[in-house]
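Thanks for coming. I will take a few minutes to walk through one structure, part by part, and I will say what each term means when it comes up.

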Amino acid sequence: MASEHSERPKIGVLFVCLGNICRSPMAEGVFRKRVEEAGLAAHFEIDSAGTSNWHRGEAPDSRAQRAARARGIDISGQRARKVRHSDFEKFDIIVAMDNANLRDLKEMAPAGRAGSVHLALDFVEGGAGGEVPDPYYGGAEGFGHVLDLLEQMADGLLQSLKPQLAERSNEP
Ligand code: 4NP
């Protein structure tokens, strides 16, 4: 039997970094896990992408996979892709990891859609304007630090969506 919310459009959330092999795949994995734990998976469409096409079709960086797995998150099935123009229609919220991603996304955004683009750490108390650092050229500990930040981001993002989610459950 179809669920009572099956006709409602999902809340689309797209996470974006440069390569789509380190930060945004981890962000996707962390947020998806939070949403599943909250029993809200049916309300969300979650994906990630890169502003570059450099790693198209590749699985996440092995260090990112390992760091995520250590926290019970399997991101091995993800494959890198570049942001598409249609993403600005498909996703309600586009979350950039750093200011370069934010600028590139705002340049790409069709008229009226730049407002859907946000910085990840704007969802963290005291983190507004901050950046999720690129761990690509560093060691394994950088990936753990990124995951710490992304867990805070995921909690804040989900919290910010509570009013929208409550509205849905109040509807007949
Ligand atoms: P990401 O990290 O943007 O978090 O996926 C990077 C991955 C690859 C490169 C840079 C950053 N790269 O230069 O190839």
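Let me start with a term. I call a residue buried if its relative accessible area is under 20%, exposed if that value is over 50%, and partly exposed in between, using a 1.4 Å probe and protein chains only. This is a predicted model, in which local features need pLDDT of at least 70 and side-chain atom pairs count only at pLDDT 80 or more, while totals for chains, interfaces and linings use all residues. Residues are numbered from 1 along each chain as its sequence is written, and side-chain values use heavy atoms, with hydrogens and water left out.

First, the loop with N20. Helices (H or I, at least four residues) and strands (E, at least two) are DSSP runs, numbered from the N terminus. N20 sits in the loop that links β1 and α1. What is its accessibility class? With a relative accessible area of 3%, N20 is buried. The backbone there has a positive phi of about 60 degrees, although N20 is not a glycine. As background, most residues other than glycine have a negative phi.

N20 is also one of the residues around the ligand. A residue is near a molecule if one of its heavy atoms lies within 4 Å of it. The residues surrounding the ligand include C17, L18, G19, N20, I21, C22 and R23, and also W54, H55, D134, Y136 and Y137. Some of these make polar contacts, meaning pairs of N or O atoms within 3.5 Å; within protein, one atom must be able to donate a hydrogen and the other to accept it, and residues adjacent in sequence count only if both atoms are side-chain atoms. From G19, a backbone N or O atom lies 2.8 Å from a ligand oxygen. For C22, a polar backbone atom is 3.0 Å from an oxygen of the ligand. Y137 uses its side chain: an N or O atom there is 3.1 Å from a ligand oxygen.

Two cysteines appeared in that list, C17 and C22. How many disulfides does the whole structure have? The search finds zero, where a disulfide is a pair of cysteine sulfur atoms within 2.5 Å. Why is C17 not bonded? The closest cysteine sulfur, in C22, is 6.9 Å from the sulfur of C17, and that is too far for a bond. Both cysteines are buried: C17 has 1% relative accessibility, and C22 has a relative accessible area of 5%.

Next, the strands. Two strands pair if DSSP finds at least two bridges between them. Strand β1, residues 11–17, pairs with β3 in the parallel sense over four bridges. In that pairing, F15 stands opposite V95 of β3. On to strand β4, residues 117–119, which runs parallel to β3 and is joined to it by three bridges. Here A96 has L119 in β4 as its bridge partner. Between these two strands the chain passes through helix α4, residues 99–108, and the β-α-β crossover is right-handed. Right-handed means that, with the strands pointing away from the viewer, the path from the first strand over the helix to the second runs clockwise.

Which way do the side chains of β3 point? Within β3, residues 93–96, I93 and V95 point one way and I94 and A96 the other way, and all are buried. In a regular strand the side chains alternate between the two faces of the sheet.

Last, charges. A salt bridge is a side-chain nitrogen of Lys or Arg within 4 Å of a carboxyl oxygen of Asp or Glu. The count by this rule is eleven. One of them joins R32 to E28, with the closest N and O atoms 2.6 Å apart. Both lie in helix α1, residues 23–37, four residues apart, about one turn of the helix. R32 is partly exposed at 31%, whereas E28 is buried at 7%.

Another salt bridge links R63 and D61, at 2.9 Å between the closest N and O atoms. A third example is E151 with R71, at 3.2 Å from N to O. E151 is in helix α5 and R71 in the loop between α2 (62–69) and α3 (87–90), so this pair ties together parts that are 80 residues apart in sequence. Finally, R23, D98 and D134 are joined into one network by salt bridges that share partners.
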